[in-house]
Amino acid sequence: MILSITSSLQSNSVCNEALRKKIFLALTLSIITALNCHAQLIHTSEFVKLSLPNGTYKLNKQQINALPGEKPVTKMDEQIRPPYIYNIDNIILSFHNVNQDSINNNLLGNKIFLDGLAGTFKRHGNNSYTSIIKNLNSKQVLIANYIINSAGYYDFYIQNAAKTLTLAGKMKYPKADAAKAEALNDIISNIQFTK
C-alpha cells in the first residue's frame, strides 16, 4: 500500500513538472511573439480608411498632454484638438474628422488662407513656408510645410475625387527628422475615401 502511494505521488510530481514546463514554454513563446509582432494600425472612420506604417500607435489624452510643448487639455482645447492623434517613430500625426461642407472643401481657398498666415513667418525672418496643391491617386491634396524653432510641420488637406469630402491633418516632426517626415506622401497615397 505504501509503495503504491509513493509511486502515485512520484507520477503526480512528474506530471506537474511536465505541465509546468509546457506552461512556461507556452508563455515564453507568447511573449516572444508579442515582442516580434508589429501589427499594422488601420485608421478608419465613416468616410476614410488608411493603413498607417508599422510601429504606429494611437496616443491617449495623457500621452498627448505629455508631449513637449503641449499643455493640459481644457474643455475648449478638446473641441478643437484633432480626435485622432498617432505617434510614428516620434513623429506626431493627427487627423480631424472628415469635412462634408463646401466651405472646408475649397482647397484653393484654404491655400490662400494658409499662404496669408505664412506672411507672418516671413515678416519675422522665417522663410521656411511652402505650399502646394497636387493630384495624387485621384485625390487632390493641399500640403503646407513650415519650420518653427526646432520642429517641422506639415498641414494637409486631402479631397476625394468628387470633391465632396476633405480630410484635414497635421504632422509634427523634429527638424532633424525631416527626411522621415516625407513618409507623409506614402500615408496620403494610402488614404481611401469610402463614400
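In the predicted model, the side chains of strand E5 alternate in direction: Ile91, Leu93 and Phe95 point one way, Ile92 and Ser94 point the other way, and all are buried. The strand, residues 91-95, is thus listed as mostly covered, with 5 of its 5 residues buried. Strand E4 (residues 84-88) shows a corresponding pattern. Tyr84, Tyr86 and Ile88 point one way from E4, Ile85 and Asn87 point the other way, and all are buried. For E4, too, 5 of its 5 residues are buried.

E4 and E5 run antiparallel and are joined by 5 bridges. Within this pairing, Tyr84 stands opposite Phe95, and Ile85 stands opposite Ser94. The two strands form a hairpin with 2 residues between them. In the turn, Asp89 has a positive phi of about 55 degrees. Asn90, in the loop between E4 and E5, has a positive phi of about 70 degrees although it is not a glycine. With a relative accessibility of 55%, Asn90 counts as exposed because this value is over 50%.

On E5, a further pairing is made with E9, in the antiparallel sense and over 4 bridges. Phe95 has Gly169 as its bridge partner in E9. On E4, the further partner is E3, again antiparallel, over 2 bridges. Here Lys58 stands opposite Tyr86 of E4.

These pairings belong to an open sheet of 7 strands in the order E3-E4-E5-E9-E8-E7-E6, with antiparallel pairing. Strand E3 (57-58) and strand E6 (130-136) stand at the edges; each has a single partner strand, so one side of each is left without a neighbour in the sheet. Strands of a sheet pair through backbone hydrogen bonds, in either the parallel or the antiparallel sense. Helix H4 (residues 107-123) lies across E6, strand E7 (139-148), E8 and E9. The helix runs at about 10 degrees to E7.

Two asparagines in loops of the sheet region were examined next. Asn137 is found in the loop between E6 and E7. Its phi is positive, at about 50 degrees, although Asn137 is not a glycine. The relative accessibility of Asn137 is 48%, and the residue therefore counts as partly exposed.

Asn160 is located in the loop between strand E8 (151-159) and strand E9 (166-174). Asn160 is buried because its relative accessible area, 6%, is under 20%. The side chain of Asn160 makes polar contacts with backbone nitrogens of the loop. A polar atom of this side chain lies 3.0 Å from the backbone nitrogen of Lys163, and the side chain also reaches the backbone nitrogen of Leu165 at 3.0 Å. With neighbours within four places in sequence left aside, Asn160 is in contact with Ser138, Leu165, Phe193 and Lys195.

The largest nonpolar core has 27 residues. Those with the most contacts inside this core are Leu93, Phe95, Phe156, Met171, Ile187 and Ile188. Two or more residues are given to this core by each of strand E2 (48-51), E4, E5, E7, E8, E9 and helix H6 (184-190). Apart from this core lies another, of 11 residues, among them Leu114, Tyr129, Ala151 and Tyr153. In soluble globular proteins, nonpolar side chains tend to be buried together.

Leu93 and Phe95 thus appear both among the E5 residues that point one way and among the core residues with the most contacts. For Ile188, sequence neighbours within four places again being left aside, the contacts are Leu136, Lys139, Val141, Ile143, Phe156 and Ile158. Phe156, one of these contacts, is itself listed among the residues with the most contacts inside the core.

Notes. Residues are numbered from 1 along each chain as its sequence is written. This is a predicted model: local features need pLDDT of at least 70, side-chain atom pairs count only at pLDDT 80 or more; totals for chains, interfaces and linings use all residues. Side-chain values use heavy atoms; hydrogens and water are left out. Buried means under 20% relative accessible area, exposed over 50%, partly exposed in between (1.4 Å probe, protein chains only). A polar contact is a pair of N or O atoms within 3.5 Å; within protein, one must be able to donate a hydrogen and the other to accept it, and residues adjacent in sequence count only if both atoms are side-chain atoms. Contact means heavy atoms within 4.5 Å. Two strands pair if DSSP finds at least two bridges between them. Axes are lines fitted to C-alpha atoms, for helices over the stretch in contact, and angles run from 0 to 180 degrees between N-to-C directions. A nonpolar core is a set of buried Ala, Val, Leu, Ile, Met, Phe, Trp, Tyr and Cys residues joined through side-chain atoms within 4.5 Å.
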